[in-house]
Amino acid sequence: MEVKFYDTVDDRFLKFAVIISKAEGKWIFRKHKDRDTLEVPGGHREPGEDILDTAKRELREETGAIRFTITPVCVYSVVREDGESFGMLYCAQIREFEPELHSEIEKIILTDQLPECWTYPLIQPKLLEEAARRGYL
């Protein structure tokens with residue numbers, strides 16, 4: 001598996017949005033009810049949905065964010081034996097959360113430290129590295 005980065009690709013190829021998020025200077029990660037690992041918020045694009053709208057929807061659903069700013073960083077891809085899939089990487093600053101989550105997410109974690117136990121350890125740390133390299137973190 002390989003992770004690649006692009007400035008742009010044709011919009012029709014974008015299938016995912018991943019949002020590196022912070023609040024009060026702390027990283028925000030989510031814990032899914034069915035896993036013991038942590039993840040950066042994000043998810044699949046719905047048919048006919050603008051990729052920025054995907055990012056905003058996923059951020060709301062997975063963190064409870066209701067007031068935030070969101071900025072595009074770059075396109076990323078994951079190359080596997082069965083092909084290359086593309087997503088859009090964003091950064092977000094969250095200013096306010098809903099009081100409780102209403103999704104498959106068990107909880108969100110605000111922390112000064114990056115997780116040791118990632119759900120996608122071969123992908124998500126590379127996304128953070130690229131966002132930092134491009135000056136977004």
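What percentage of the 137 residues in the protein chain is made up of buried residues? In this predicted model, the share of buried residues comes to 45%. That figure is a handy way into the fold, which is described here from the whole chain down to a single side chain.

The protein chain holds two helices and seven strands, and read from the N terminus these elements follow the order β-β-β-β-α-β-β-β-α. The chain has a radius of gyration of 14 Å, close to the 14 Å given by the globule rule for 137 residues, so it is as compact as a globular protein of that length. Taken along the principal axes, the box filled by the C-alpha atoms is roughly 40 × 35 × 30 Å. Among contacts in the chain with a separation of 6 or more, 70% join residues 24 or more positions apart. As for the surface, about 7,700 Å² of the protein chain is exposed, and 47% of this area comes from carbon and sulfur atoms.

Helix H1 deserves a closer look. This helix covers residues 51-63, and its 13 residues should span 18 Å at 1.5 Å a residue; the C-alpha atoms at its ends are indeed 18 Å apart, in agreement with that expectation. Where H1 starts, aspartate 50 places a side-chain oxygen within 3.0 Å of the backbone nitrogen of leucine 52. After H1 comes glycine 64, which has a positive phi, near 80°.

The buried residues of H1 are Ile51, Thr54, Ala55, Arg57, Glu58, Leu59, Glu62 and Thr63. An α-helix has 3.6 residues a turn, so residues three or four places apart point the same way. The list holds several such pairs, including Ile51 with Thr54 and Glu58 with Glu62. The packing partners of these buried residues are strands S2 (14-23), S3 (26-32), S4 (42-44), S5 (65-80), S6 (83-97) and S7 (105-111).

One of these partners, strand S6, contains methionine 88. The relative accessibility of methionine 88 is 10%, and this residue therefore counts as buried, the cut-off being under 20%. Leaving aside residues up to four places away in sequence, methionine 88 touches Leu14, Phe16, Ala17, Val18, Ile51, Pro72, Val73, Cys74, Val75 and Tyr76. Ile51 in this set is also one of the buried residues of H1, which ties the two parts of this description together. Another contact, cysteine 74, lies 14 residues from methionine 88 along the chain, with 6.1 Å between their C-alpha atoms.

Conventions
Residues numbered from 1 in each chain as written. Heavy atoms only, no water. Helix = DSSP H or I, 4+ residues; strand = E, 2+ residues; numbered from the N terminus. Expected span 1.5 Å × (residues − 1). Buried < 20%, exposed > 50% of the residue type's maximum accessible area, 1.4 Å probe, protein only. Contact = heavy atoms within 4.5 Å. Polar contact = N/O pair within 3.5 Å; in protein donor to acceptor, adjacent residues only side chain to side chain. Rg over C-alpha atoms; globule rule 2.2 N^0.38 Å. Areas by Shrake-Rupley, 256 points an atom, 1.4 Å probe, with all protein chains shown as cover.
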